[in-house]
Amino acid sequence: MVQTSTILSISAATAATGLLAYAIYFDYQRRADPNFRRNLRREERRQARAEKEEAVAQTKQKRKDIQQAVDQATEEGYPTGVNEKEQYFMEWVQKGEILASDPSQTLEAALAFYKALKVYPTPGDLITIYDKTVDKRVLDVLAEMIAYDKNLDLAALGGGGGINLSDLPSAGLD
């Protein structure tokens with residue numbers, strides 16, 4: 001009677017031999033057959049092209065989502081009274097901090113910080129604070145939101161001295 005361990009060791013040796021034989025065959029084909037090499041290069045280029053197209057599509061979708069979020073926030077409106085603005089600011093900063101701790105909630109966190117930015121009296125100072133305290137992935141989305149918002153007065157962001165827009169982090173989507 002044949003033992004189980006003998007059967008398993010023979011099966012493992014057969015599988016390893018088959019794998020080694022395939023590797024040797026593949027290597028021989030790669031070295032000797034020009035058509036095989038050409039097909040490998042074509043397939044590699046196709047795959048790289050597909051990955052690039054997918055990345056471009058994801059970038060476009062991300063920008064579209066950011067624009068929709070900014071448009072929706074603008075439609076909802078912002079408070080006008082001083083006390084209402086202060087309460088609104090504190091509420092959205094707190095929500096932004098909570099959401100920023102979850103990497104899957106980047107857009108929502110950036111939107112919360114954006115809403116707080118819209119009611120802050122000196123947005124340039126707040127951007128500087130965000131730059132020091134907020135995670136880079138959230139800050140990148142926030143920068144996209146600021147760039148998209150045409151109603152945000154960029155000249156007034158710095159209070160008196162203006163803000164250097166080159167100091168804002170790039171969105172990394174170029």
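**Entry 1: the surface as a whole**

I began with the outside of the chain, which exposes about 12,100 Å². Carbon and sulfur atoms supply 54% of that area. I noted at once that this is a predicted model, so I read every value below as computed from that model.

Next I turned from the outside to the inside. How many of the residues are buried? Buried residues make up 25% of the 174 residues in the chain.

**Entry 2: the elements**

I listed the helices and strands. The chain has 6 helices and 0 strands, and from the N terminus on the elements run α-α-α-α-α-α.

Then I looked up contacts between residues at least 6 apart in sequence. Of these, 65% join residues at least 24 apart.

**Entry 3: the largest nonpolar core**

I went looking for the residues at the heart of this core. The largest nonpolar core has 29 residues, and F113, L117, Y130, V138, L142 and M145 touch the most other members. Which helices supply at least two residues each? My list reads α2 (34-76), α3 (82-100), α4 (106-119), α5 (123-133) and α6 (136-148). Helix α4 gives the most to this core, with 9 residues.

I picked L142 for a closer look. Leaving aside residues up to four places away in sequence, L142 touches A110, F113, Y114 and Y130.

**Entry 4: a nonpolar patch on the surface**

Nonpolar residues turned up on the outside too. Y22, Y25, F26 and L40 form a nonpolar patch on the surface. Together they have about 400 Å² of accessible area. Which helix gives the largest share of the patch? It is helix α1 (residues 4-32), with 3 residues.

I checked one of the patch members, Y25, which has its place in helix α1. Y25 counts as partly exposed because its relative accessibility is 47%.

**Entry 5: T106**

I spent a while on T106, which lies in helix α4. Is T106 buried or exposed? At 14% relative accessibility, T106 counts as buried, because the cut-off for buried is under 20%.

I then asked what surrounds this residue. Not counting residues up to four places away in sequence, T106 touches R137, V138 and V141. The side chain of T106 also reaches the backbone oxygen of P103 at 2.8 Å. For one more distance, I looked at G96, 10 residues from T106 along the chain. The C-alpha atoms of T106 and G96 are separated by 9.2 Å.

**Entry 6: salt bridges**

I kept one general idea in mind here: side chains of opposite charge can pair when their charged atoms come close. How many salt bridges does a search of the whole structure find? The search finds 9.

My first pair was R46 and E43, whose closest N and O atoms are 3.0 Å apart. R46 and E43 both lie in helix α2, 3 residues apart, which is about one turn of the helix. R46 counts as partly exposed at 46% relative accessibility, and E43 counts as partly exposed at 44%.

My second pair was E76 and K115, whose side chains meet in a salt bridge at 3.2 Å, N to O. This pair links distant parts of the chain, with E76 in helix α2 and K115 in helix α4, 39 residues apart. Is K115 buried or exposed? K115 counts as buried, because its relative accessibility is 5%.

My third pair brought back R137, one of the residues that T106 touches. R137 forms a salt bridge with D135, the closest N and O atoms being 2.8 Å apart. R137 is partly exposed, with a relative accessible area of 26%, and D135 is partly exposed too, at 37%.

I finished with a network. Which residues are joined by salt bridges that share partners? D27, R30 and R31 are joined into one network in this way.

Methods: Residues numbered from 1 in each chain as written. Predicted model: local features only at pLDDT ≥ 70, side-chain atom pairs only at ≥ 80, totals over all residues. Heavy atoms only, no water. Core = buried A, V, L, I, M, F, W, Y, C linked by side-chain atoms within 4.5 Å. Buried < 20%, exposed > 50% of the residue type's maximum accessible area, 1.4 Å probe, protein only. Helix = DSSP H or I, 4+ residues; strand = E, 2+ residues; numbered from the N terminus. Contact = heavy atoms within 4.5 Å. Patch = residues over 30% accessible without salt bridge, like charges linked within 9 Å, V, L, I, M, F, W, Y side chains within 5 Å. Areas by Shrake-Rupley, 256 points an atom, 1.4 Å probe, with all protein chains shown as cover. Salt bridge = Lys/Arg side-chain N within 4 Å of Asp/Glu carboxyl O. Polar contact = N/O pair within 3.5 Å; in protein donor to acceptor, adjacent residues only side chain to side chain.
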